[in-house]
Amino acid sequence: MYLAISFLFPTFGRLLSRSDFNISLMLQRIQSVFLFLAVVINLSLLAAPLWQYQTHGETEILSGLGTQATLADASQAATGINGYGESMKSAAHITLVILTIVVSGWLVYVIFQYQNRMRQKQLVYVAISGIFLEVMSLVWLTMQSPAFIMGSADNGRPQWGFALPVTAILFAWLAIGRIQHDEELVRSSNRVR
């Protein structure tokens, strides 16, 4: 297809070739891969189990999109107090969802700021601050009492999804290191000239 376009429209073919080259250079940079992994990990926070409360066969699992409860007795569903397998969203869930989507979108924007490395590095610092806000929202969400389980429940225990923001911060931090490395490489090559 590229050959057909460049043969029929030589000017457009040269422009297409140049833009493809720039995008392929951007995607070959390891910091772009690190930032993309931070986006994927950050978005997976929405579906991953974050915290679990359990008492006498009743289980309540918090995730980014809601709270899922499994009750021991199906007759409790008829009382209207608890829902059997119902999903519930609270203000903390909405805050977490909004923060996750905004920070992930911001990280995608940062990936395409590859022409200006120092600005890209500053934007990654802003994204890391947003991920810290996500962590604070997670802590606020887990500090609330269980929503569906009646009676006394244990304090709960973290699930594997609770480590996802820390992993996203790690990948963003690795991207900052590689951006700084590229900037030092460019500066040293300018000194040689």
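Here is a short walk through one helix and two aromatic pairs in this structure, which is a predicted model.

Let's begin with helix α3, which covers residues 30-44. With 15 residues at 1.5 Å a residue, helix α3 should span 21 Å, and its end C-alpha atoms do lie 21 Å apart, so the expected and computed lengths agree. Which residues of α3 are buried? They are Gln31, Ser32, Phe34, Leu35, Ala38, Val39, Ile41 and Asn42. As you look at that list, it helps to remember that an α-helix has 3.6 residues a turn, so residues three or four places apart point the same way.

Phe34 is a good place to step from this helix to the aromatic rings. Searching the whole structure turns up four aromatic pairs. In one of them, the ring centres of Phe34 and Phe171 are 6.1 Å apart and the planes meet at 35°; because that angle is neither under 30 degrees nor over 60, the pair counts as tilted. This pair links distant parts of the chain, with Phe34 in helix α3 and Phe171 in helix α7 (residues 164-192), 137 residues apart. Both partners are buried, because the cut-off is under 20% relative accessible area: Phe34 has 16% and Phe171 has 18%.

Helix α7 also brings us to another aromatic pair, Tyr125 with Trp173. Here the arrangement is edge-to-face, with 6.0 Å from centre to centre and 70° between the planes. Tyr125 sits in helix α6 (residues 117-143) and Trp173 in helix α7, so this pair ties together parts 48 residues apart in sequence. Is Tyr125 buried or partly exposed? With a relative accessible area of 36%, Tyr125 is partly exposed.

Definitions and conventions: Residues numbered from 1 in each chain as written. Predicted model: local features only at pLDDT ≥ 70, side-chain atom pairs only at ≥ 80, totals over all residues. Heavy atoms only, no water. Helix = DSSP H or I, 4+ residues; strand = E, 2+ residues; numbered from the N terminus. Expected span 1.5 Å × (residues − 1). Buried < 20%, exposed > 50% of the residue type's maximum accessible area, 1.4 Å probe, protein only. Phe/Tyr/Trp six-rings, centres within 6.5 Å; stacked < 30°, edge-to-face > 60°.
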